[in-house]
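Student: I have a chain I'd like to go through with you, a bit at a time. Could we look at it together?

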Amino acid sequence: MGTLKVKALEKAHDVASFNCDVPVLNNWLKTVAKQHQKNGSSKTFVLIDDAEPLKIIGFVSMSMRAPTVVDDLPAAMQKKLPNAVSGYTLGRLAVSVEHKGKGHGETLLMTAMQKAKQASKYAAGFGLFVDAKEGVASFYEKYGFVAFPDDPDTLVYPIAEMPDFPNEEEEEEE
């Protein structure tokens with residue numbers, strides 16, 4: 001095994017072989033991700049091993065989020081905010097079956113958090129939002145995401161509360 005790296009999805013990456021055991025996520029990566037990357041509606045980052053740089057270990061996709069009404073946020077977050085806040089959405093996160101249980105989901109989540117924090121320096125955003133699939137909200141909660149009171153599968157992590165990330169000042173690899 002070589003060094004693990006997170007890179008922007010490229011045409012050469014082997015999306016066809018990726019399997020996370022969730023058909024909707026497999027299909028999205030295989031049929032939609034590159035199209036969204038091309039038209040700018042979302043950006044997908046893949047975790048790869050530089051020993052096999054085209055094989056995808058896992059992926060995370062991100063996009064801008066439409067403004068969220070502040071009253072929908074957890075009560076503790078509503079203070080001193082305008083009526084609606086914008087932010088970033090972690091749209092999809094998946095790890096291949098053969099690599100589950102090795103901490104790669106955490107690596108991809110931290111990548112998304114770091115990229116949202118970096119982006120907020122140039123285009124303001126209140127937080128990183130997740131519309132979790134049923135049964136996975138607890139994964140995000142253990143990293144500090146807080147569920148909406150009326151929708152426990154929608155979670156947010158305020159950018160202002162995110163930790164500092166290593167190499168935050170470095171240019172990201174495209």
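Student: Let's start with Asp150: buried or exposed?
Tutor: First, a word on the basis: this is a predicted model, where local features need pLDDT of at least 70, side-chain atom pairs count only at pLDDT 80 or more, and totals for chains, interfaces and linings use all residues. Residues are numbered from 1 along each chain as its sequence is written, and side-chain values use heavy atoms, with hydrogens and water left out. Buried means under 20% relative accessible area, exposed over 50%, and partly exposed in between (1.4 Å probe, protein chains only). Asp150 has 74% relative accessibility, so it counts as exposed.

Student: And where in the chain is Asp150 found?
Tutor: Elements here are DSSP runs numbered from the N terminus: helices are H or I with at least four residues, strands are E with at least two. In sequence, Asp150 is 76 residues from Pro74, yet their C-alpha atoms are 8.9 Å apart in space. As for its own place, Asp150 is in the loop between β6 (146-148) and β7.

Student: In what order do the elements of the protein chain run from the N terminus on?
Tutor: There are four helices and seven strands to place. From the N terminus, the order is β-α-α-β-β-β-α-β-α-β-β.

Student: What is the radius of gyration of the protein chain?
Tutor: It is taken over C-alpha atoms, and the globule rule to hold it against is 2.2 Å times the number of residues to the power 0.38. For 174 residues that rule gives 16 Å, and the chain comes close to it, so it is as compact as a globular protein of that length. The radius of gyration is 16 Å.

Student: Which element gives the largest share of the largest nonpolar core?
Tutor: A nonpolar core is a set of buried Ala, Val, Leu, Ile, Met, Phe, Trp, Tyr and Cys residues joined through side-chain atoms within 4.5 Å. The largest one has 28 residues, and Leu90, Leu109 and Met113 are among those with the most contacts inside it. Elements giving two or more residues include β2 (43-49), β5 (127-131) and β7 (151-158). The largest share, five residues, comes from α3.

Student: Which residues does Tyr140 contact, leaving aside neighbours within four places in sequence?
Tutor: Contact means heavy atoms within 4.5 Å. Tyr140 is itself among the residues with the most contacts inside the largest core. Its partners are Leu90, Leu93, Leu109, Val130, Ala132, Phe145 and Leu155.

Student: Back to loops, then. Is His13 buried or exposed?
Tutor: His13 is in the loop between β1 and α1. Not counting residues up to four places away in sequence, it touches Ala8, Lys34, Val46, Ile48, Pro53, Leu54 and Ile56. With a relative accessible area of 5%, His13 is buried.

Student: What is the relative accessible area of Asp21?
Tutor: Asp21 lies in the loop between β1 (4-8) and α1 (23-31). Its phi is positive, near 75 degrees, in a residue other than glycine. Asp21 is exposed, and its relative accessible area is 57%.

Student: Where does Lys80 lie?
Tutor: Lys80 is not a glycine, but its phi is positive, about 60 degrees. At 87% relative accessibility, it counts as exposed. Lys80 lies in the loop between β3 (58-69) and β4 (84-95).
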